[in-house]
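Here's a quick tour of one chain, from its overall make-up down to the empty spaces inside it. Have the viewer open as you read.

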Amino acid sequence: RRSKRPFISVNCGELDENLLLDTLFGHVKGAFTDGKTDRKGAFLQAHGGTLFLDEIQTASPKVQQALLRAISVRKIKPLGSDRELSVDFRLITATNLDLNQLIQRQEFREDLYYRLKVITISPPPLREHRENIPILAAYFLKEAEHMAGRQGLAFSKGFLDKLMQYDWPGNIRELKNSIIKSAVMAEGKIIQGDQLRIEQHAWEVPKPLPSMVSFKPVQQEGVAIPPELNQRQVKAFNHVMEHGKINRQVYQSLLGANVSRRTAIYDLQDMVAKGHLIKIGQGPTTSYVSEKRGKI
């Protein structure tokens, strides 16, 4: 019944706390210095339809509290308003982290979790259904041809083999990005294996055992590199051990221009989920530190 009603999407990870609250709940004219007009906010825009909140795990405690009340009573209060407004919405949220682990670390409200967890869909990572990679790659190649104004492109067997060998930590989006870049840069009609545009060329290097890690750890007594980290994360781990913290921008500069913003965020959040780093702050001010460094 909501299929023809508004569908409003908000990426919580792109906005800091105050801007996210304003985006979700809106404000009335004069609520703050630059508030020259009313702003409806996402909840009111989605009235009768669906509100999708991506990267819900990045919401601050203040935002989580506001979301809990809105979901519980189905009412919201725009900033600067004296009255609550009733809203009718279907809420969909998405996360790439285990919220149960965040609850254990007191980074996500348990009561909000159970308000959200009604119907759960857990799509497997791309590396767990590799048989779909050639089909998806062919589909994205058609899109890439349209974007690049080219026709008749095809993959060589070597190219497909390398697609199948890579673990795709960025999943579908990383695959699509790599296909588009490869199609744009291909010199002929057949895209060869050495033209696969992806960072680190992970297919060329076997996954190292802990004693074979490519990046040498900073020599600090009592701290060992966790064996489950990938090569990108090892370099970030060394940086944190040496300098005390890291953020997404520094991570990308360490690894080079080929590491996308999404891959950097994925790697850092994965290290948080595994207990190697602690996330501090929200939005552009987010940084990551290690307890281990302070306990040496």
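## The chain as a whole

Let's start with the outside. The accessible surface of the chain adds up to about 16,900 Å², and carbon and sulfur atoms own 51% of that. Keep in mind that this is a predicted model.

How many of the residues are tucked away? Of the chain's 296 residues, 42% count as buried. As for secondary structure, there are 12 helices and 10 strands. Take the contacts between residues at least 6 apart in sequence, and 62% of them turn out to link residues at least 24 apart.

## A three-stranded sheet

Which strands make up the open sheet, and in what order? There are 3 of them, arranged E8-E10-E9 with antiparallel pairing. Strand E8 (245–246) and strand E9 (278–280) sit at the edges, each pairing on one side only.

Zoom in on E9 and its partner, strand E10 (residues 287–289): the two run antiparallel and are joined by 3 bridges. To find the pairing in your viewer, look for Ile280, which stands opposite Ser287 in E10.

## The second largest pocket

Next up is some open space. The second largest pocket holds about 390 Å³. It's lined by 17 residues, and those closest to its centre are Leu21, Phe25, Ala66, Lys77 and Leu79. Helix H1 (17–25), helix H3 (61–73) and strand E3 (75–76) are the elements that each supply two or more residues to this lining.

Which element gives the most to the lining of the second largest pocket? That's H3, with 5 residues. If you're wondering about the chemistry of the wall, the lining of this pocket splits into 8 nonpolar, 3 polar and 6 charged residues.

## Closed cavities

Rolling a probe the size of a water molecule over the atoms shows where empty space is left. Searching the whole structure for cavities of 30 Å³ or more turns up 2. The second largest cavity has a volume of about 30 Å³.

What surrounds the second largest cavity? Its lining is made up of Leu15, Asp16, Glu17, Leu20, Thr58, Ala59, Ser60, Val63 and Gln282. Sorted by class, that gives 4 nonpolar, 3 polar and 2 charged residues around the second largest cavity.

Note on methods. Residues are numbered from 1 along each chain as its sequence is written. This is a predicted model: local features need pLDDT of at least 70, side-chain atom pairs count only at pLDDT 80 or more; totals for chains, interfaces and linings use all residues. Side-chain values use heavy atoms; hydrogens and water are left out. On a 1 Å grid over the protein atoms alone, a cavity is a set of points where a 1.4 Å probe fits but cannot get out, and a pocket is an open set with protein on both sides within 12 Å along at least five of seven lines; lining residues have an atom within 4 Å of a point. Grid points are joined across faces, edges and corners, and a volume is the space filled by probe spheres set on the points. Helices (H or I, at least four residues) and strands (E, at least two) are DSSP runs, numbered from the N terminus. Ala, Val, Leu, Ile, Met, Phe, Trp, Tyr, Cys and Pro count as nonpolar, Asp, Glu, Lys and Arg as charged, and the others, Gly among them, as polar. Buried means under 20% relative accessible area, exposed over 50%, partly exposed in between (1.4 Å probe, protein chains only). Contact means heavy atoms within 4.5 Å. Accessible areas come from the Shrake-Rupley method with a 1.4 Å probe; for residues, only the protein chains shown count as cover. Two strands pair if DSSP finds at least two bridges between them.
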